[in-house]
Amino acid sequence: MTVKPSSAPALAAQPLLRVENVSLSLRGQPIVQSVTFQVRAGEIVTLIGLNGAGKSTIARIVLGLIRPDAGRVQLRPGLRIGYMPQRLMIDDTLPLTVERFITLGGSASREQVQAALAEVGAAQVMRSPVQAISGGEFQRMLLARALLRDPDLLVLDEPIQGVDLAGQYELYDLIGQLRHRRGCGILMVSHDLHLVMATTDQVLCLNRHICCSGHPDDVARDPAYLQLFGLDGARRLAIYHHHHNHRHDLHGAVVAAEEEAHG
Amino acid sequence: MDDFLLRALCGGLGVALAAGPLGAFIVWRRMAYFGDTLAHSGLLGVALGVVLQINPQLGVAATCLLIAMVLVLLQRQRALAADTLLGILAHTSLSLGLVTLAFLETVRIDLTSYLFGDILAISVDDLYWIWGGAGLALAALAGLWRPLLAATVHEELAQVEGVPVFAVRLAFMLLIAIVIAVAMKVVGILLITSLLIIPAATARRFARSPESMALLAGGLGCVAVGAGLWASLRWDTPAGPSVVVAAAALFALGQALPSR
């Protein structure tokens with residue numbers, strides 16, 4: 001667990017985003033439990049966790065798409081957000097070029113669209129139909145649309161979804177560069193710690209509540225992380241599977257972890 | 001050309017011009033069954049119009065809108081799949097319309113003309129309604145175009161980017177309700193959906209942008225109306241269904257042609 005410095009310099013840049021004790025239940029089922037974190041300018045914070053751990057829900061709360069039951073989300077006044085949603089399917093019946101898709105997010109000149117696509121390394125697909133480009137190009141197109149809004153904060157929900165393995169590392173590299181080049185904060189959702197390790201500054205390991213958090217190297221060694229993902233997953237084998245070595249009670253809290261040697 | 005034929009053609013073209021672009025959105029949003037459900041509730045609107053002694057087209061538009069709201073509320077519950085809900089509402093409202101009309105013993109209503117259209121009986125008054133409603137729907141669609149397209153591609157992304165998606169969705173439903181109300185006279189409530197989706201589906205293969213698909217759909221709808229009316233005269237077939245058959249023939253022809 002991270003320990004908050006009690007006397008941090010007050011002059012330090014105000015966080016872009018501050019999430020305080022946010023909780024949400026759906027039909028009596030807790031989805032998110034007292035989650036607290038913040039994102040500063042130039043910082044990459046990654047939410048990791050298994051399916052149903054509440055990662056995307058937190059992203060959607062931050063974006064104002066869902067209202068939490070309790071807690072607060074504070075955005076720095078005037079904050080501009082760029083959003084890259086998860087699993088975007090565009091119906092085959094809709095004739096849409098990449099350029100047109102990008103300008104749906106806000107008016108932009110052809111040069112601006114071209115520049116945004118070039119920045120994410122996808123300039124070649126500008127005139128292509130969105131249904132005809134690869135998974136990696138599609139994600140880059142989404143990123144370009146988000147960047148055209150000149151965001152202070154980027155919210156990326158599973159940005160490497162549908163991208164082949166080589167492309168995944170490239171895309172994370174690109175995201176890491178964007179942070180430096182543009183100085184924006186990035187809140188990212190991922191299900192895989194090891195892919196994002198090199199890119200991210202802070203990891204929050206989620207299972208409805210925050211199991212552990214901190215620098216990715218520390219999280220990777222944290223017992224709570226190992227319990228959640230299993231040793232195999234933590235060591236990153238090609239095929240990921242994990243042992244159910246602990247249970248959660250109805251509220252999602254860890255009941256007891258069997259003392260299997262995770263050492 | 002006879003007057004009644006001219007009026008039929010004018011009415012049909014007015015409906016086709018509005019139904020094409022709106023139908024494109026229905027196809028993109030996969031709402032064909034939704035449109036069908038609203039259309040089915042049209043008969044209840046006719047009955048309502050008789051009871052309240054208002055114009056039947058106003059009654060139809062109001063009822064469609066009401067059913068759309070009920071649907072939105074029911075979908076929020078997520079207890080039943082959307083297509084099940086649509087099926088329940090479509091046939092309940094149609095039957096409710098038939099039952100209500102049966103209670104109104106004093107009024108004689110030509111059911112077939114409402115179910116399958118009576119384009120050859122379009123009056124000058126009807127033309128005002130059709131062109132007024134279709135013009136309104138087209139103007140509103142043009143104003144709504146960009147936010148509606150953004151919300152069609154991805155509702156949450158559009159919302160984050162500042163599109164008032166709920167208001168846009170309501171406005172879109174209102175437009176569907178208006179077009180159903182004015183199209184009823186032409187093809188009848190059971191066939192309205194075909195005029196919305198067949199021209200749009202035909203246009204897809206030849207369109208490179210959303211706008212060109214919408215315009216092409218409007219144009220193809222007009223061709224179908226003209227061809228259907230001509231066939232109806234030539235072979236003495238029912239006019240509304242003939243228009244739909246013509247639209248389907250265009251679709252089949254489009255599939256046979258090379259795309260773009």
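**Helices, sheet and chain contact**

Colleague: Let's start in chain B: at what angle do the axes of helix α11 (residues 210–235) and α12(B) cross?
Modeller: In this predicted model, the axes of α11(B) and α12(B) come within 7 Å. Helices are DSSP runs of H or I with at least four residues, strands are runs of E with at least two, and both are numbered from the N terminus. Axes are lines fitted to C-alpha atoms, for helices over the stretch in contact, and angles between N-to-C directions run from 0 to 180 degrees. On that basis, α11(B) and α12(B) cross at roughly 125°.

Colleague: Which word describes α11(B) relative to α12(B), given that crossing?
Modeller: The crossing of α11(B) and α12(B) is roughly 125°. Under 35 degrees counts as roughly parallel, over 145 as roughly antiparallel, 65 to 115 as roughly perpendicular and the rest as oblique. That makes α11(B), relative to α12(B), oblique.

Colleague: Which residues of α12(B) meet α11(B)?
Modeller: Residues are in contact if their C-beta atoms, placed from the backbone, lie within 7 Å. Numbering starts at 1 along each chain as its sequence is written, chains being lettered from A and ligands numbered from 1 in written order. Local features need pLDDT of at least 70 and side-chain atom pairs count only at 80 or more, while totals for chains, interfaces and linings use all residues. From α11(B) come Leu220(B), Val223(B), Ala224(B), Val225(B), Ala227(B), Gly228(B), Leu229(B), Ala231(B) and Ser232(B), and they meet Ala239(B), Ser242(B), Val243(B), Val245(B), Ala246(B), Ala247(B) and Leu250(B).

Colleague: How does helix α10 (residues 192–204) of chain B lie against α12(B)?
Modeller: The axes of α10(B) and α12(B), the latter spanning residues 239–256, are 9 Å apart and make an angle of about 20°. That makes the arrangement of α10(B) and α12(B) roughly parallel.

Colleague: Which residues does α10(B) bring to that contact?
Modeller: On the α12(B) side are Val244(B), Ala247(B), Ala248(B), Leu250(B), Phe251(B) and Gly254(B). Facing them from α10(B) are Ser194(B), Leu195(B), Ile198(B), Pro199(B), Ala201(B) and Thr202(B).

Colleague: On to chain A: which strands are the edges of the open sheet β2-β1-β4?
Modeller: The sheet has three strands with antiparallel pairing, where a pair needs at least two DSSP bridges between its strands. From one strand to the next, the twist averages 20°. Pairing on one side only marks the edge strands, β2 (29–39) and β4 (70–75) of chain A.

Colleague: How many bridges join β1(A) and β2(A)?
Modeller: These two strands form a hairpin with two residues between them, and Arg27(A) in the turn has a positive phi of about 50°. Val19(A) stands opposite Phe37(A) in β2(A). The antiparallel pairing of β1(A) and β2(A) extends over seven bridges.

Colleague: Which residue is the bridge partner of Leu17(A) in β4(A)?
Modeller: Strand β1 (residues 17–26) of chain A runs antiparallel to β4(A), with five bridges between them. One of the pairs is Ser23(A) with Ala70(A). For Leu17(A), the partner in β4(A) is Leu75(A).

Colleague: Which strands does helix α1 (residues 55–62) of chain A touch?
Modeller: Helix α1(A) packs on the sheet, its direction making about 120° with that of β1(A). The strands it touches are β1, β2 and β4 of chain A.

Colleague: Finally, which elements of chain A give two or more residues to the side touching chain B?
Modeller: The contact takes 17 residues from chain A and 18 residues from chain B. Chain A has eight helices and eleven strands. The elements giving two or more residues to its side of the contact are β5 (81–84) and α2 (98–103) of chain A.

How values were computed
Two residues are in contact if their C-beta atoms, placed from the backbone, lie within 7 Å.
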